[in-house]
Amino acid sequence: MTKTVSLCPNTKYTMFTSSIQKFLNKNHYPCFSPKAVFFDMDGVLFDSMKSHTNAWVQAMLDMNIPFTHHEAYMNEGRTGQSTIDGAFNRTFGRDATEEEKQQIYSLKSKYFEGYDAPERIPFVLELLNTIKKQELIIFVVTGSGQASLIEGLEQSFPNIFQKEKMITAFDVQNGKPSPEPYLKALKKSGLQPWEIIVVENAPLGIESAKAAGLFTLGVNTGILEKEVLVKSGADIVFDSMEQVFEKWNELVS
Ligand code: MG
């Protein structure tokens, strides 16, 4: 049987070759040749999801809206407004008013800021340094509008990120799972979709990146079943960032 080989010249065969070929065939892309890596922020760069979910649950509780940690994880990546509308529709059968949205989101932010600053996800700094040495372009693509985290990037990851290579909640109309955040990053990068690797932890983040036609690594850093990330469409799912770091040279070398 003849196999369609659509890897770029000089690409070596690795444990990921079949995932890459599947991705190329499905999207009708000529070849896979990574030039940039798009990183989600929460749960990928920062171990911040515990604080986010606690803050969401507490803020919703204050407004008498039932909301679980699992639900917060499943909603990760949506804009705050969209998460609040979802909870309102389920509880009251309507969208939240602008005032209610502001009230809940500021409660959520207040609780979040009250917790200890989140640590880096273990091994992500090592991974970023490897990627920097490989001279790949690094973007942050986050649904977050949490100023403290966005500003904290430089402190936690010195000389890795640049302001003009970031897409945050402030840059988009539609948050994840819409492809808009990743399409905006793609446009800003000036690259082709087969030149990008996305690193995501959240189901909706993976859906967003896949809808933008990008090769997506799902990294399970939270409380969800690994299967959830597979079902969201991730091209490869990893159990930890340490595993991504260890296997990175199989993807890009
Ligand atoms: Mg995330």
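**Close-up 1. Helix α9 and the elements it packs against.** In this predicted model, the buried residues of α9 pack against α3 (69-75), α8 (180-189), β4, β5 (215-219) and α10 (226-231). The helix itself covers residues 203-211, and its buried residues are Pro203, Leu204, Gly205, Ile206, Ser208 and Ala209. Look just past the helix for Gly213: α9 is followed by this glycine, and its phi is positive, near 80 degrees.

**Close-up 2. Strand β1 between its two partners.** Here β1 (residues 36-39) is covered on both faces. Side chains in a regular strand alternate between the two faces of the sheet. In β1, Ala36 and Phe38 sit on one side, Val37 and Phe39 on the other, and all of them are buried. One partner is β2 (residues 137-141), which pairs with β1 in the parallel sense over four bridges. To find your place along this pair, use Val37, which stands opposite Ile138 in β2. The other pairing to look at is with β4 (residues 196-200), which runs parallel to β1 and is joined to it by four bridges. The handy marker there is Ala36, opposite Ile196 in β4.

**Close-up 3. Phe39 and the nonpolar cores.** Which residues have the most contacts inside the largest nonpolar core? They are Phe39, Leu45, Phe157, Phe161, Leu217 and Trp248, in a core of 43 residues. Helix α6 (residues 124-133) gives this core its largest share, five residues. Zooming in on Phe39 and skipping its neighbours within four places in sequence, you'll find it in contact with Val44, Leu45, Val124, Leu127, Leu128, Ile131, Ile138, Phe139, Val140, Val141 and Val199. There is also a second, separate core of 15 residues, with Ala36, Ile167, Ala185 and Leu191 among them.

**Close-up 4. The magnesium ion and its protein donors.** Four residues coordinate the magnesium ion: Asp40 through OD, Asp42 through O, Glu76 through OE and Asn201 through OD1, at 1.9 to 2.1 Å. Along the chain, the donors follow the spacing D-x1-D-x33-E-x124-N. Asp42 comes from the loop between β1 and α2 (49-62) and Asn201 from the loop between β4 and α9, so this pair ties together parts that lie 159 residues apart in sequence. Are these two residues buried or exposed? Asp42 is buried, with a relative accessible area of 7%, and Asn201 also counts as buried, at 5% relative accessibility.

Terms used
Residues numbered from 1 in each chain as written. Predicted model: local features only at pLDDT ≥ 70, side-chain atom pairs only at ≥ 80, totals over all residues. Heavy atoms only, no water. Buried < 20%, exposed > 50% of the residue type's maximum accessible area, 1.4 Å probe, protein only. Helix = DSSP H or I, 4+ residues; strand = E, 2+ residues; numbered from the N terminus. Pairing = 2+ DSSP bridges. Contact = heavy atoms within 4.5 Å. Core = buried A, V, L, I, M, F, W, Y, C linked by side-chain atoms within 4.5 Å. Donors = N, O, S within 2.8 Å, 3.2 Å for Na, K, Ca; no water.
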